[in-house]
Amino acid sequence: MNDTRSTLRSELILLFLLVVVFYVNILSRVISAPLMPVIEKEFGIGHSDAGLVFLMLAVGYSAGLISSGLVSSRLTHRNTILVSSVAMGILLLLITLSKGLWMIRLELLLVGFFSGFYLPSGITTITSAITSAHWGKAIAVHETAPNLAFVTAPLIAEALLIVLPWRAILASVGIFSIISGLLFVRWTSGGDFRGDAPTFSNFRLVAGNHDFWIIAFLFCAAIGVSMGIYNMMPLYLAAERGIDRSTANTLLGLSRISVIPLIFLSGWIVDRFGVKLTMAAVMLFNGLALILLGGLPGRWVILMVFLQPVLTGAFFPAGFAAISMIVPDKARSLSVSLAIFIAYLVGAGFIPVLLGIFGDAGMFGFSFILVGIGILVSLFFIPRLKLIKQE
């Protein structure tokens, strides 16, 4: 009995600390969104330049994600998590010393790069340290971290902007990142083994799969409507809709609260309605919501700010399940990394740049409508998916 309690206690401590590390990992990348109106004003830049900041983060994250297997195969998953947290923290602290915008962009590129190391090692550490009967619950708890970051980032930014400059806020997140990594290593022993480096044969197997590219396109759309839209929402509400920055950030944070309960329901939704139908429902809802977000007049836009993200979280369990149905087991890890690599680059990188370019041209609302139409186009590809395993 005592051994069982000790094991459960160690598993809960490991899971809690990984949730903290993952939360700070995401917060380090999304905190720039609510700070962007202040950054724009200080440097006198346009919306397209602001979008370029998010592109740098996305490029860095994608590169880090695709490199994570090589890193963990040499450092162990445990040390990879530590390096990710500490390096991100140091880079965020260095931003306080940087005066030029391009230096800050370079540092954010590296923040994204080291951030990309975490997820494969974090998931592997959970599944290796926690009893398989509890994997579903453990991963669901772990997945609350990014959504908590989405909710709290605007609220933290607004609260701290009252007393701190934006650089000091990034530095505070950096200190939090370093501490979280050190606590993980100090209080747990999880992930103390090397990862598997990707092989060329598996890469060729995935890249030559027609269905993989459909899944990758759908992931581009899903990350675009979640993180891509999130990153530019404060600028859109402030610049296009005349809502003051503080209110815009508060609305953005509160709008993501509804996503958290859906994480725990999403597994049931996929089991009940199937992979394809779930993905189609998410894309249809988000496409229409973005069109209305860009086109509705006046304060109706506030309603759409709350409605648009509601179903977004349901896509990812369905998307990851679909990946497992189109490739052999040996290529599953690589297929996930490649899909997220492509999707994050497009959805969280190029879509904010696109929105910024249209925003500078006085067509911010039209850009949301354009992205919404693109999301609806993805519906035509879902029936073409050929899933090897039964849903």
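How exposed is F113, as relative accessibility? F113 comes to 23% and counts as partly exposed. Buried means under 20% relative accessible area, exposed over 50%, and partly exposed in between, with a 1.4 Å probe and protein chains only. The points below start from the whole chain and then return to this residue.

1. Basis. This is a predicted model, so local features need pLDDT of at least 70 and side-chain atom pairs count only at pLDDT 80 or more, while totals for chains, interfaces and linings use all residues. Residues are numbered from 1 along each chain as its sequence is written, and side-chain values use heavy atoms, without hydrogens or water.

2. Overall fold. The protein chain has 18 helices and zero strands. Helices (H or I, at least four residues) and strands (E, at least two) are DSSP runs, numbered from the N terminus. The radius of gyration is 20 Å, which agrees with the value near 21 Å for a compact globule of 391 residues. That radius is taken over C-alpha atoms, and the globule rule is 2.2 Å times the number of residues to the power 0.38. Along the principal axes, the C-alpha atoms fill a box of roughly 60 × 50 × 40 Å.

3. Burial and contacts. Of the 391 residues, 54% are buried. The accessible surface is about 16,300 Å², and carbon and sulfur atoms hold 70% of it. These areas come from the Shrake-Rupley method with a 1.4 Å probe; for residues, only the protein chains shown count as cover. Contact means heavy atoms within 4.5 Å. Among contacts between residues at least 6 apart in sequence, 87% join residues at least 24 apart.

4. Aromatic pairs. The whole structure holds 15 aromatic pairs. One of them is Y61 with Y344, a tilted pair at 4.3 Å centre to centre and 45° between the planes. Rings of Phe, Tyr and Trp (its six-membered ring) pair if their centres lie within 6.5 Å; planes under 30 degrees apart count as stacked, over 60 as edge-to-face and the rest as tilted. Y61 lies in helix α3 (residues 47–75) and Y344 in helix α17 (residues 332–360), so the pair ties together parts 283 residues apart in sequence. Both rings belong to buried residues: Y61 has a relative accessible area of 5%, and Y344 has 7%.

5. The phenylalanine cluster. F113 and F117 make an edge-to-face pair, 5.0 Å centre to centre with 70° between the planes. F117 is buried at 4% relative accessibility, whereas F113 is partly exposed at 23%. F114 joins F113 and F117 in one aromatic cluster.

6. Arginines over rings. The charged end of R29 sits over the ring of Y61, 4.1 Å from its centre. R105 lies over the face of W102, at 4.6 Å from the ring centre. A charge sits over a ring if NZ of Lys or CZ of Arg is within 6 Å of the ring centre and within 35 degrees of the ring normal.

7. Helix α2 and V38. V38 is in helix α2 (residues 32–43). V38 is partly exposed, at 22% relative accessibility. Beyond its neighbours within four places in sequence, V38 contacts L161, W166 and R245. V38 and W166 are 128 residues apart along the chain, yet their C-alpha atoms are separated by 7.5 Å. The buried residues of α2 include L35, M36, I39 and E40. Helix α2 spans only 14 Å between its end C-alpha atoms, against 16 Å for a straight helix of 12 residues at 1.5 Å a residue. The expected span is 1.5 Å times one less than the number of residues. Just after α2, G44 takes a positive phi of about 65°.

8. Helix α9. Helix α9 (residues 166–187) has 22 residues and reaches 32 Å from first C-alpha to last, close to the 32 Å expected. Its buried residues include W166, I169, L170, V173 and F184.

9. T76. Most residues other than glycine have a negative phi. T76 is not a glycine, but has a positive phi of about 80°. T76 is in the loop between α3 and α4 (77–94). T76 is buried, with a relative accessible area of 11%.

10. V377. V377 belongs to helix α18 (residues 364–377). V377 is partly exposed at 38% relative accessible area. V377 and L334 are 43 residues apart in sequence and 27 Å apart in space, C-alpha to C-alpha.
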